Amino acid sequence: PSAWLYTKQAGQDDGSEIDNPEFFVDQLQSQYDWTGFDHGPGAGSGIYDIRSNPWVWHPGEDFSASYHSYELVWTPDATYKYVDGQLVYAQKFRWTAHGAPQLGITLAVGANKQGLTGLQPNSLSEFPMQLSIQFISIWAK
């Protein structure tokens, strides 16, 4: 599952995207690994980082076992990403797309990554197809 800000307006998208959270269940990551990236020409250098490696934060807990709070603080020049109140990653970032950002939320099943053998578990009947969201709050200044 994932939540992200992006624009899909024709001719307005330059790849600007803010992800928080984004979870992958494949050979390289699992429900124990939080991911949150900023994409596009406005993505800059890191400000703060407690991730286990350049891709994920692996705090040793199963994120699918209970509810968690994911927070994004987005200023004109940076993004700050929190999990359960703890700052995990901050990065310099400017939205450069001409289109307004929109919020996307999904329970994605599948991937098109080369070299991966497929989903684990490897059938939809085994996959727990459920995503529960308690609430979404958006504040703008």
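Reader: What's the strand order in the open sheet that includes strand 8?
Author: The order is 3-2-1-8, four strands with antiparallel pairing. Strands here are DSSP runs (E, at least two residues), numbered from the N terminus, and two strands pair if DSSP finds at least two bridges between them. This is a predicted model: local features need pLDDT of at least 70, side-chain atom pairs count only at pLDDT 80 or more, and totals for chains, interfaces and linings use all residues. Residues are numbered from 1 along each chain as its sequence is written, and side-chain values use heavy atoms, leaving out hydrogens and water.

Reader: Okay, which strands are at the edges?
Author: Strand 3 (38–39) and strand 8 (102–106), each pairing on one side only.

Reader: How many bridges join strand 1 to strand 8?
Author: Five, with strand 1 covering residues 2–6. Leu 5 has Leu 103 in strand 8 as its bridge partner.

Reader: And what stands opposite Trp 4?
Author: Asp 19, in strand 2. Strands 1 and 2 pair over three bridges, antiparallel.

Reader: Why is strand 2 largely enclosed?
Author: Five of its six residues (17–22) are buried, so the rest of the structure largely encloses strand 2. Buried means under 20% relative accessible area, with a 1.4 Å probe and protein chains only.

Reader: New topic: what's the order in the sheet with strand 7?
Author: That open sheet has four strands in the order 4-7-6-5, again with antiparallel pairing. Strand 4 (43–49) and strand 5 (70–74) each have a single partner strand, so one side of each lacks a neighbour in the sheet.

Reader: Which residue in strand 6 is the bridge partner of Tyr 70?
Author: Val 83. Five bridges join strand 5 to strand 6 (residues 78–83).

How values were computed. Buried < 20%, exposed > 50% of the residue type's maximum accessible area, 1.4 Å probe, protein only.
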